[in-house]
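Subject: Structure handover and findings

Dear colleague,

Please find the structure below, handed over for your work. The findings follow directly after it.

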Amino acid sequence: MFVLELTYTAPLDAVDAVLPDHVVWLEEQYEKGFFLASGRKEPRDGGVILAVAEDRARIEETVAGDPFVAAGVCAYRVTEFIATKTAPELARHRQTLS
C-alpha cells in the first residue's frame, strides 16, 4: 500500500487550470483498482492519495501519468507501507509481515 502526497509547486490558478484533467486521471485510477481514497490537503497546498499496486515501480509509473506532473504544477512524495491492520472494507488489501 502507498501514501501519495502531492505538493503544489505552482500557484493555485495554474493548478486549477489542469484540475479537470487530473480528475479524469483520478477516475481512471479508481476504475483500475489502484486508488482507494483521495482528496485535498487543508490548507490547500496539495493532496493525498491512498493507493495499492503490486510494487513501487507500478506506482511510480502511475504517478508519472498524472496531468499535474505533466503540467509541472505538483511534486509527489511516495511512501510505501505494509497495511497489517485495516478496516473491514479494506480487508482484501491487508498484508502480513514476512
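**Findings: helix H1, its neighbours and the pocket**

Gln29 counts as buried, because its relative accessibility is 3% and the cut-off for buried is under 20%. Please note that this is a predicted model, and that every value in this message is computed from it. Gln29 belongs to helix H1. Leaving aside residues up to four places away in sequence, Gln29 touches Phe34, Phe35 and Thr62.

*Helix H1*

Helix H1 covers residues 12-32, 21 residues in total. At 1.5 Å a residue the helix should span 30 Å, and the end C-alpha atoms lie 28 Å apart, which agrees. H1 nevertheless has a bend of about 50° at Leu19, and a proline, Pro20, follows within four residues. Just after the helix, Gly33 adopts a positive phi of about 85°.

Which residues of H1 are buried? They are Val15, Val18, His22, Trp25, Leu26 and Gln29. An α-helix has 3.6 residues a turn, so residues three or four places apart point the same way. The buried residues of H1 pack against strands E1 (2-8), E2 (35-40), E3 (46-51) and E4 (74-80), and also against helices H2 (56-64) and H3 (67-71).

Leu12, also in H1, is partly exposed, as its relative accessible area is 36% and partly exposed lies between 20% and 50%. The C-alpha atoms of Leu12 and Ala83 are separated by 33 Å, with the two residues 71 apart along the chain.

*Phe35 in strand E2*

Phe35 is located in strand E2 and is buried, with a relative accessible area of 3%. Its contacts, not counting residues up to four places away in sequence, include Trp25, Leu26, Gln29 and Tyr30, together with Leu4, Ile49, Leu50, Ala51 and Thr62. Thr62 is thus listed among the contacts of Phe35 and also among those of Gln29. Phe35 and Thr79 are 44 residues apart along the chain, and their C-alpha atoms are separated by 14 Å.

*The loop between E2 and E3*

Pro43 is found in the loop between E2 and E3. The peptide bond from Glu42 to Pro43 is cis, with omega near 5°.

*The segment after E4*

Is His93, in the segment after E4, buried or exposed? His93 is buried, with a relative accessible area of 14%. With residues up to four places away in sequence left out, His93 touches Met1, Leu36, Val52 and Ala83.

*The largest pocket*

The largest pocket has a volume of about 160 Å³. Its lining comprises 13 residues, and those nearest the centre are Tyr8, His22, Leu26, Gly39 and Arg40. Two of these residues, His22 and Leu26, are also listed among the buried residues of H1. E1, H1, E2 and E3 each supply at least two residues of the lining, and E3 gives the most, with four residues. By class, the lining consists of seven nonpolar, five polar and one charged residues.

With kind regards

Notes: Residues are numbered from 1 along each chain as its sequence is written. This is a predicted model: local features need pLDDT of at least 70, side-chain atom pairs count only at pLDDT 80 or more; totals for chains, interfaces and linings use all residues. Side-chain values use heavy atoms; hydrogens and water are left out. The expected span of a helix is 1.5 Å times one less than its number of residues. The bend at a residue is the angle between axes fitted to the seven residues ending there and the seven starting there. Buried means under 20% relative accessible area, exposed over 50%, partly exposed in between (1.4 Å probe, protein chains only). Contact means heavy atoms within 4.5 Å. On a 1 Å grid over the protein atoms alone, a cavity is a set of points where a 1.4 Å probe fits but cannot get out, and a pocket is an open set with protein on both sides within 12 Å along at least five of seven lines; lining residues have an atom within 4 Å of a point. Grid points are joined across faces, edges and corners, and a volume is the space filled by probe spheres set on the points. Ala, Val, Leu, Ile, Met, Phe, Trp, Tyr, Cys and Pro count as nonpolar, Asp, Glu, Lys and Arg as charged, and the others, Gly among them, as polar.
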